[in-house]
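Trainee: Could you take one part of this model and walk me through it closely? I'd like to look at how the two chains meet.

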Amino acid sequence: MTDLSLSNQTIAGKTAPPSEARALRLPTQWIGVAPFFIFAVMFLILPTLYLMLGAFQNEAGEFTLENLIALSEPNIVAAYLISIKVSLASALIGAFAGLAIAVAIVRGGLPNWIRSATLTFSGVASNFAGVPLAFAFLATLGRLGLATVILNTVFGLNIYAHGFNILSFWGLTLTYVYFQIPLMVVIIVPAIDGLKKEWGEAAATLGATTAQYWRMVVIPVIWPSFLGTVILLFANAFGAIATAYALTGSSLNIVPILLYAQIRGDVLHNAHLGYAIAFGMIVITGLANVFYIWFRTRSERWLK
Amino acid sequence: MKTGRFWAWVVFILGAAYFFIPLIATAEFSMRMRRGAYSFDAYQIVLGDARFQATFMYSVVAAIFTIILGVLVVVPAAYWIRLRLPQLRPIVEFITLLPLVIPAIVIVFGYIRMYGSNSPLPFLANDTATNALLVIGYATLSLPYMYRAVDTGLRTIDVRTLTEAAQILGAGWSTIITRVILPNVLIAVLSGAFLTFAIVIGEFTMASLLNRPAFGPYLQNIGANRAYEPAALAIIAFAITWGCMSLIQILSRFAPKSANRPN
């Protein structure tokens with residue numbers, strides 16, 4: 001507050017008498033952003049803090065670490081592990097596939113309409129998540145799904161006999177990839193566009209081969225935004241619940257589904273353990289985003 | 001270069017296959033309801049279902065209120081930061097990114113515990129207040145998209161000059177915002193609005209945990225109990241998402257092109 005009034009006085013000193021400035025400017029200075037900050041504090045920051053503090057309290061409101069220690073129960077650890085595995089696998093597959101598609105449509109010499117069609121479709125598909133996406137994959141790779149049936153009747157390959165199940169780790173990962181790839185394409189295409197033509201020409205002038213140009217110029221420049229996006233995709237999958245819930249019910253024990261069951265019916269018989277699970281989720285996505293911001297600032301040095 | 005183009009085609013075709021096969025499979029599955037012939041029976045049943053109509057309308061209304069709330073919260077803040085408080089930009093951008101960091105299920109869990117019936121602000125005490133809390137939650141979810149859209153829109157106009165010109169002509173703040181700034185960023189606001197609509201219309205987690213009769217929980221319920229209707233609903237949902245994104249694309253053609261002003 002103090003340095004605010006100070007800066008106001010220095011501005012006011014040039015334009016108006018200080019007394020008048022203090023009376024008129026202070027309220028209006030903040031009034032425009034006030035609704036935003038009140039909203040954010042009440043409905044974003046306080047509820048989250050409430051849970052984070054609750055994770056360190058017992059039923060009587062006393063400080064305790066027991067809830068966090070209780071996170072080491074085998075079914076909770078298993079839930080975190082499978083969540084991290086699904087998120088990581090879908091983020092990596094989505095990132096590499098998305099990068100390949102992005103490079104193909106920007107640098108591959110494909111007709112121009114393919115680029116714009118792919119970008120439009122990516123905008124749609126990256127937002128096509130949740131319950132309907134689960135329905136689409138059940139209709140495709142479920143036991144009676146079109147792909148399952150065609151693979152069986154035409155190619156004689158019964159994927160369910162070979163251990164595949166849509167209600168499993170790989171089934172969920174393959175489904176998540178459907179919104180991860182388009183998200184990668186949408187984010188990484190501007191980065192690839194940011195590669196300046198001059199760099200390629202300069203490399204060629206210095207006698208670099210295409211492979212050298214990629215290894216020494218393209219990959220180092222794209223690398224930070226690529227890694228950053230991988231992390232964003234990870235966080236994106238880690239918090240998602242609707243797709244998994246509609247796809248597998250509660251048969252796949254991932255963290256959001258465990259938390260969902262806990263909120264609905266206190267399945268863990270300890271309300272504050274729910275807070276601890278939420279706290280763990282925030283820590284994981286929070287850490288992921290710290291890395292994201294770090295990579296992002298590194299990539300912006302080149303892509304201005 | 002020729003081999004490069006060959007591989008580009010391979011990648012593109014593989015990608016297209018991965019993205020189109022589920023859509024084709026879903027469309028095919030949704031028409032298989034009548035034995036031995038393709039039909040639109042599943043669509044007829046779904047569209048004729050009174051609960052479909054009720055929950056869909058509920059979510060449309062929720063989306064509209066979400067957009068209004070989002071605009072009221074975001075537009076003044078984004079405008080004011082461009083005009084007067086640029087030093088707050090990093091803080092505001094960080095806050096608008098938080099909903100991408102904190103999962104929706106955690107946010108709504110916080111609401112349930114903080115605004116329960118016994119709290120000073122009992123949002124869960126009655127239906128109207130819970131509906132309001134759902135809209136608030138949706139506005140929180142859409143904050144990153146709304147803020148980005150509006151801020152991009154503001155970047156293309158000269159906020160300072162427009163504001164000063166309006167002030168010289170004697171306009172007050174409400175006039176400046178509603179008759180000068182808003183019309184100029186209308187297209188950006190509408191893009192954010194359609195994106196919000198696409199996110200909100202089938203949202204499951206918040207609606208389900210707040211026990212609201214919204215479209216998302218209805219979808220989940222049908223998926224657990226029916227065979228062909230879910231596929232039809234998936235196609236309808238995809239069409240809605242597609243519609244929203246197309247509208248954004250069409251709108252972007254009308255957006256002012258005078259970008260890259262120094263301000």
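Mentor: Sure, here is a walk through the chain contact, followed by a few other spots. Keep in mind that this is a predicted model.

Let's start where the chains touch: 60 residues of chain A are in contact with 67 residues of chain B. On the chain A side, several helices each supply at least two residues, among them α5 (74-107), α6 (112-126) and α14 (271-300). The largest share comes from α3(A), with 12 residues. As for chemistry, the side of chain A that touches chain B divides into 44 nonpolar residues, 16 polar and no charged.

Now look inside chain A. The domain assignment splits chain A into domain 1 (2-54) and domain 2 (73-300). Four residues from domain 1 and five from domain 2 make the contact between them. The domain 1 side of that contact has two nonpolar residues, two polar and no charged.

Next, pick out helix α9 of chain A, residues 169-193. Of its 25 residues, 20 are buried, so the rest of the structure largely encloses α9(A). There is also a kink of about 35° in α9(A), centred on V177(A). End to end, its C-alpha atoms are 35 Å apart, which agrees with the 36 Å that 25 residues should span at 1.5 Å a residue.

Finally, hop over to chain B, where the axes of α10(B) and α11(B) come within 8 Å and cross at roughly 145°. L219(B), I222(B) and G223(B) of α10(B) meet E229(B), P230(B) and L233(B) of α11(B). Those contact residues divide into four nonpolar, one polar and one charged.

Methods
Residues numbered from 1 in each chain as written. Chains lettered and ligands numbered in written order. Predicted model: local features only at pLDDT ≥ 70, side-chain atom pairs only at ≥ 80, totals over all residues. Helix = DSSP H or I, 4+ residues; strand = E, 2+ residues; numbered from the N terminus. Expected span 1.5 Å × (residues − 1). Bend = angle between axes of the 7 residues up to and from the residue. Buried ≥ 20, exposed ≤ 12 C-beta atoms within 10 Å, placed from the backbone. Domains from an automatic or database assignment. Contact = placed C-beta atoms within 7 Å. Nonpolar A, V, L, I, M, F, W, Y, C, P; charged D, E, K, R; others polar. Axes fitted to C-alpha atoms, helices over the stretch in contact; angles between N-to-C directions.
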